Amino acid sequence: MRAKAKPGEKQSFEVDCRLEQDLLDTRNIKLLTPVRVKGSFFYQNEKLNLSADASCRLQCMCDNCGEVFEREFKFKIDEEFVENYNSHNVEDYLINQAGINIDEAVSDNLLLNLSSRVLCREDCKGLCSVCGKNKNYQKCNCESNLDEIERKEENPFGKIKEVRGE
Ligand SMILES: [Zn+2]
Ligand SMILES: [Zn+2]
C-alpha cells in the first residue's frame, strides 16, 4: 500500500490479503477466502499507525471431535510500522520506498487471535473414548457400562472371590 502519500492525514483503506496457505497447516486450518482488511492508517514522523478490522472464512478441524467445519473469523489489527532505515528491531513492521506490505502483520494477528483449541461448538462432547463415536451426534452406552464394571469391581464380595481363587 502506498502509505506515505499524505503524511499527517488519516486515510481509510480496504484490501484483500492473500496469505500463504501453509500458514495454518500445523493447526489443520485452511483459509477459504483472502483476508479482508478494512480500516485506516496515519503516517507521521517516520512512523505509521494502522488500525483495522479483518475477516476471513476458515475451514477448521475440531480439536476435540475431529469434525471439519467452516466458520467466519474476525479479528482486529493495531500495529505500528517504522521506516526501514529507522528500524533496530527484527520484529518491526517496515515502511519501504513503495509503502507498506501488511501481509505479515495480518498473518501474525490472525495466528495470535486463533485460540489454542478450536472447537466445532462451545459444548462439543467429543468422541467416546471406548467406541469412538462422535457424541455430538450419536449416543452410546459405553460410559454407563463402564460405571457398571467399576461398581462390580468395588463390590467387596468380588474381592473375596478373587482371594479365594488364589
Ligand atoms: Zn467437536
Ligand atoms: Zn461409546
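Biologist: In the hairpin that S3 and S4 form, what is the positive phi of Asn45 in the turn?
Modeller: This is a predicted model, in which local features need pLDDT of at least 70 and side-chain atom pairs count only at pLDDT 80 or more, while totals for chains, interfaces and linings use all residues. Residues are numbered from 1 along each chain as its sequence is written, with chains lettered from A and ligands numbered from 1 in the order in which they are written. The hairpin leaves two residues between its strands (DSSP runs of E, at least two residues, numbered from the N terminus, as are helices, runs of H or I of at least four). In that turn, the positive phi of Asn45 is about 50 degrees.

Biologist: How many bridges join S4 to S5?
Modeller: On one side, S4 is joined to S3 by nine bridges in the antiparallel sense, and two strands pair if DSSP finds at least two bridges between them. S4 and S5 also run antiparallel, with Ala52 standing opposite Ile77 in S5. The number of bridges that join S4 to S5 is 15.

Biologist: Which element gives the most to the largest nonpolar core?
Modeller: Such a core is a set of buried Ala, Val, Leu, Ile, Met, Phe, Trp, Tyr and Cys residues joined through C-beta atoms within 7 Å, where buried means that 20 or more other C-beta atoms lie within 10 Å of the residue's own (exposed is 12 or fewer, partly exposed in between, with C-beta atoms placed from the backbone). The core has 22 residues, and among those that touch the most other members are Val37, Ala54 and Val106. Two or more residues come from each of S3, S4, S5 and H1. With seven residues, the element that gives the most is S4.

Biologist: Within what arc do the buried residues of H1 fall, seen down its axis?
Modeller: The buried residues of H1 are Ala105, Val106, Asn109 and Leu110. They line one face of the helix, because the arc, taken from the directions from the helix axis to the C-beta atoms, spans 135 degrees.

Biologist: What is the radius of gyration of the protein chain?
Modeller: The chain has three helices and six strands, and its C-alpha atoms fill a box of roughly 90 × 35 × 25 Å along the principal axes. For 166 residues the globule rule (2.2 Å times the number of residues to the power 0.38) gives 15 Å, and the chain is well over this, so it is more spread out than a compact globule. Taken over C-alpha atoms, the radius of gyration is 27 Å.
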